[in-house]
Amino acid sequence: MKFQKIEITGWRQFSNIEIEFHPKVTIITGANGAGKSTILKLLSKHFGWHQIFLSTPYLSKDKGSFLYKSFFTPVASLKSEQSYSQNVLGNIFYTDTNSSQICFFEQPNQAQFDLQIHNQRHVDGLHINSHRPVPNYQRLQNIPTNPMDASQAFQNYFQETLSLFNNGHSGYSPIYRMKEAIVSMAAFGPGNQFVQPNEKIEKQFNDFKEILKNILPKDLGFKDLSIRIPDIVLETETGEFLLDAASGGIMSIIDLAWQIFLYSHNKEEFVVTLDEPENHLHPSMQRSLLNNFVNAFPKAQFIVVTHSPFIVSSIRDSNVYALKYEISKGEQQQSKKVTSYKLDLDQKAATANEILRDILGVPVTLPQWADDDLQEICKKFTVSELTPEGIANLREQLSNSGLSEFYPEALNHIIGRRI
């Protein structure tokens, strides 16, 4: 069972959202506040993530007190305080041809509310939040005497992650649980002359190391995980260092791989909802991340939310959607609402600058200071002054400001101003 499509109409910032999920990779992008993470919240409910939504307070003239509404609707357009008490917001469709309704019950006196998915189908999957665990050295206190397999290791890691998300803390970090499981696998998997080997656990340990070889940056040159109790050392062609000392980007990739690897065991197919995988990653890692993970986990359906133009264009065989604001005319006033647009192959193959400008809505991809200097230089020229001498003068001023490479942009700006 996987996801096939989601539809949401007329709720919060959404005007009309319709996203068909690719069997392998679906990428959703757009500006902050466009509702990308909201879509993941709805899907991740299938995996045990019950993330609360917040309503907006407004002053009720009838009651003389503040009430809450879950629609981004002008208060003046609400016919009564019961108008939106119970709503069907949209539908989720599954690959078995069944569907479920996305519903909620408005509680005017509550700032928090949750959504209900009626007739929710069972979907195997995991949600990976946008916040990655920060490496913080914790010395292993003990090795579990019960050999830890992938299923138990995943539950331990998941519970720590969920606890941190809900502002709880057991005293141990998710990375500590990762180290605990890796050491347990290494100790009880191969065994020794006194400890009977466990072939299943040994295979899981070796399989994870093979995953790391395939997904970590090639220039790092990963070689092995060395267990030096109570520590784990990454052996690479660039040197040896503690797992806890890995950079934010390397640890982010290891963290993603660990969760998906553990969850994937004994699964014929499953879903991974992934929020902002680009966090902590160098652009070169962003370009290759999804390809590496799709190859490493071919049974997974990835649904990814991102701001990165490098991730947007990274997978040819995928569905990519942009959530864009548009002016919507309502009964009372105009408002900006979000609509989904599917990108074609040409748009996915665009450069990072083109994606930033045309899809993510960044009007200028220059640094702000460079754009300001460019505008000041262009103000000094008119189209009639673009003689050979004038062009030479323009080039000289751009060069003096360190903006020589933006000569085409300067010409376009001067000519466009005339038009």
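A charge is said to sit over a ring when NZ of Lys or CZ of Arg is within 6 Å of the ring centre and within 35 degrees of the ring normal. I begin with that wording since it applies to the first contact I want to show you, in which the charged end of arginine 395 sits over the ring of tyrosine 407, 3.7 Å from its centre. Please keep in mind throughout that what we are looking at is a predicted model. There is another contact of this kind to point out, where lysine 5 lies over the face of phenylalanine 93, at 5.0 Å from the ring centre.

Let me turn from charges over rings to rings beside rings. The count of aromatic pairs in this model comes to nine. One of them joins phenylalanine 3 and phenylalanine 21, whose centres are 6.2 Å apart and whose planes make an angle of 55°, a tilted arrangement. Phenylalanine 3 belongs to strand S1, residues 3-11, while phenylalanine 21 sits in the loop between strand S2 (14-20) and strand S3 (25-30), so this pair ties together parts of the chain that are 18 residues apart in sequence. Both phenylalanine 3 and phenylalanine 21 are buried.

Phenylalanine 3 also pairs with phenylalanine 47, and here the ring centres are 6.3 Å apart with the planes at 55°, so this pair is tilted as well. It links distant parts of the chain, since phenylalanine 3 is in strand S1 whereas phenylalanine 47 is in the loop between helix H1 (36-44) and strand S4 (53-54), 44 residues away. Phenylalanine 47, like phenylalanine 3, is buried. If we put these rings together, Phe3, Phe21, Phe47 and Tyr94 make up one aromatic cluster.

Helix H1 came up a moment ago, and how much of H1 is covered? Seven of its nine residues are buried, so H1 is largely enclosed by the rest of the structure. The buried residues in H1 are Lys36, Thr38, Ile39, Leu40, Leu42, Leu43 and Ser44, and I would draw your attention to Lys36 in that list, a lysine that is counted among the buried residues.

Next comes helix H3, residues 174-188, for which we can make a small check of geometry. At 1.5 Å a residue, its 15 residues should span 21 Å, and the C-alpha atoms at its ends are 21 Å apart, which agrees. H3 is also mostly covered, with 14 of its 15 residues buried.

That brings me to the way the helices pack. Two packed helices are described by the angle between their axes and the distance between the axes. H3 and H4 pack at about 125°, with their axes 8 Å apart, and they are therefore oblique to each other; the crossing in which H3 passes H4 is left-handed. H4 packs against H5 at an angle of about 140°, with 11 Å between the axes, and these two are therefore oblique as well, although the crossing of H4 and H5 is right-handed. Finally, helix H4 (residues 199-215) and helix H6 (residues 283-296) pack at about 150°, their axes being 9 Å apart. Why is that pair given another label? Angles over 145 degrees count as roughly antiparallel, and that makes H4 roughly antiparallel to H6. The crossing of H4 and H6 is right-handed.

Within helix H6 we find asparagine 291, which is partly exposed, with a relative accessible area of 32%. Asparagine 291 and isoleucine 315 are 24 residues apart in sequence, yet their C-alpha atoms are 6.5 Å apart in space.

I will close with the backbone. Most residues other than glycine have a negative phi, and most peptide bonds are trans. Against that background, the peptide bond from isoleucine 229 to proline 230 is cis, with omega near 10°, and proline 230 lies in the loop between strand S12 (222-228) and strand S13 (231-236). Asparagine 266, in the loop between helix H5 (248-264) and strand S15 (270-275), has a positive phi near 65°. Glutamate 276 is not a glycine either, but its phi is positive, at about 50°, and its place is in the loop between S15 and H6.

Are these two residues buried or exposed? Asparagine 266 is exposed, with a relative accessible area of 77%, whereas glutamate 276, with a relative accessible area of 18%, is buried.

How values were computed
Residues are numbered from 1 along each chain as its sequence is written. This is a predicted model: local features need pLDDT of at least 70, side-chain atom pairs count only at pLDDT 80 or more; totals for chains, interfaces and linings use all residues. Side-chain values use heavy atoms; hydrogens and water are left out. Rings of Phe, Tyr and Trp (its six-membered ring) pair if their centres lie within 6.5 Å; planes under 30 degrees apart count as stacked, over 60 as edge-to-face and the rest as tilted. Helices (H or I, at least four residues) and strands (E, at least two) are DSSP runs, numbered from the N terminus. Buried means under 20% relative accessible area, exposed over 50%, partly exposed in between (1.4 Å probe, protein chains only). The expected span of a helix is 1.5 Å times one less than its number of residues. Axes are lines fitted to C-alpha atoms, for helices over the stretch in contact, and angles run from 0 to 180 degrees between N-to-C directions. Angles under 35 degrees count as roughly parallel, over 145 as roughly antiparallel, 65 to 115 as roughly perpendicular and the rest as oblique. A crossing is left-handed if the near helix is turned anticlockwise from the far one by less than a right angle, and right-handed if clockwise.
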